[in-house]
Structures are given as C-alpha cells and as structure tokens.
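I opened my notebook to work through one structure, jotting down each thing as I looked it up. Here is what I wrote.

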Amino acid sequence: MGEAYVAEYFRKKRYKLLAMNYRSHMGEIDLIAAKGNKLRFIEVKLRRSGGVTRPADAVSRAKQSRLRATAEIWLAQNPGYAGCDMAFTVAELYMDEAGKIMKMELIEEAF
C-alpha cells in the first residue's frame with residue numbers, strides 16, 4: 001500500500017517509474033524513478049501515527065549499504081542511467097488507526 005501511494009506521488013511529479021520492488025541477491029529497492037537527469041532510489045517506510053520513532057529510523061547503516069549495493073546492480077543492468085544525478089530518498093508515511101495514510105514526508109538526500 002505504501003509503495004503504491006509513493007509511486008503515485010512521483011508520477012504526479014512527472015517522474016517515470018522504472019521499477020517497483022526491484023530485487024537482487026543484495027536486497028530490495030521499493031521504487032526507482034527518473035525525471036530528466038534525476039534518478040531516485042526510494043525506500044518507503046510506513047508507520048502508524050503517534051509512534052515513538054520516525055519511520056526513517058528503520059533505515060540502518062546496514063540497510064543503506066544493501067540499498068547502495070542493490071542500486072549498483074540495477075545500474076549495471078540499466079547502463080543508460082549511469083550518468084544520471086543519483087540520490088537515495090526515504091519516504092516516510094504515517095497512517096491513522098483505520099489504516100489511512102495521513103501524511104508523507106520525503107527525505108530527499110537521505111544518505
């Protein structure tokens with residue numbers, strides 16, 4: 001549910017969705033999107049509102065390392081994007097008790 005919400009947000013911002021739930025032996029990237037020379041590897045974290053920690057806190061250094069390695073594998077398979085301005089974005093989604101997404105915060109250059 002979270003990935004679809006964020007994918008729609010980036011589509012509305014005129015990004016082209018290149019992959020959703022891309023998997024390699026190193027890990028998974030929730031979304032990969034491009035717009036012009038911008039290439040975004042997007043990690044989606046969904047939490048109920050009122051939690052003690054932020055959703056982005058779940059993206060540990062080990063997770064960041066796996067995301068980077070997975071992005072390198074994707075780039076090797078898609079060399080046409082090698083010269084793009086690459087960034088890792090964390091999309092924090094907050095939902096209410098009924099499961100409705102209430103708020104999204106983007107951390108553009110997360111790591």
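**Entry 1: the core.** I started with the inside. This is a predicted model, so that's what my notes describe. The largest nonpolar core has 16 residues, and the members that touch the most others are Ile29, Ile32, Leu39, Phe41 and Trp74. I checked where the members come from: β1 (16-24), β2 (27-35), β3 (38-48), α2 (61-77) and β4 (85-95) each give at least two. The largest share, 4 residues, belongs to α2. My background reminder: in soluble globular proteins, nonpolar side chains tend to be buried together.

**Entry 2: one residue up close.** What does Phe41 touch, leaving aside neighbours within four places in sequence? I found contacts with Ile29, Leu31, Ile32, Ala71, Trp74, Leu75, Met86, Ala87, Phe88 and Thr89. I also found a second, separate core, which has 11 residues, including Ala7, Leu31, Val44 and Leu93.

**Entry 3: the sheet.** Next I followed the strands. There is an open sheet of 5 strands in the order β1-β2-β3-β4-β5, and the pairing is mixed. Which strands stand at the edges? They are β1 and β5 (101-107); each has a single partner strand, so one side of each has no neighbour in the sheet. I looked up the twist as well: on average, neighbouring strands are turned by 30° against each other, direction ignored.

Then I zoomed in on β1 and β2. They make a hairpin with 2 residues between them. Their pairing is antiparallel and runs over 7 bridges. I picked out one bridge to look at: Ala19 has Ile32 in β2 as its partner. I'd already met Ile32 as one of the core residues touching the most other members.

**Entry 4: the helix at the start.** Which residues of helix α1 (residues 2-12) are buried? My list is Gly2, Val6, Ala7 and Phe10. They span an arc of only 125° around the axis, so they sit on the same side of α1. The rule I wrote in the margin: an α-helix has 3.6 residues a turn, so residues three or four places apart point the same way. I then asked what those buried residues pack against, and noted β1, β2, β3, β4 and β5. Just after α1, I spotted Arg14 with a positive phi of about 70°.

**Entry 5: aromatic rings.** Last, I went ring hunting. How many aromatic pairs does a search of the whole structure find? I got 6. To describe such a pair, you give the distance of the centres and the angle of the planes.

Tyr9 and Phe10 make an edge-to-face pair, 5.3 Å centre to centre with 85° between the planes. Is Phe10 buried or exposed? Phe10 is buried, at a relative accessible area of 5%, whereas Tyr9 is partly exposed at 29%.

For Trp74 and Tyr81, the ring centres are 5.5 Å apart and the planes are at 45°, so I logged this pair as tilted. Trp74 counts as buried at 4% relative accessibility, while Tyr81 counts as partly exposed at 24%. Both rings belong to one aromatic cluster along with Phe41, Phe88 and Phe111. That took me back to Entry 2, where Phe41 was in contact with Trp74 and Phe88.

Technical notes: Residues are numbered from 1 along each chain as its sequence is written. This is a predicted model: local features need pLDDT of at least 70, side-chain atom pairs count only at pLDDT 80 or more; totals for chains, interfaces and linings use all residues. Side-chain values use heavy atoms; hydrogens and water are left out. A nonpolar core is a set of buried Ala, Val, Leu, Ile, Met, Phe, Trp, Tyr and Cys residues joined through side-chain atoms within 4.5 Å. Buried means under 20% relative accessible area, exposed over 50%, partly exposed in between (1.4 Å probe, protein chains only). Contact means heavy atoms within 4.5 Å. Two strands pair if DSSP finds at least two bridges between them. Axes are lines fitted to C-alpha atoms, for helices over the stretch in contact, and angles run from 0 to 180 degrees between N-to-C directions. The arc is that of the directions from the helix axis to the C-beta atoms. Rings of Phe, Tyr and Trp (its six-membered ring) pair if their centres lie within 6.5 Å; planes under 30 degrees apart count as stacked, over 60 as edge-to-face and the rest as tilted.
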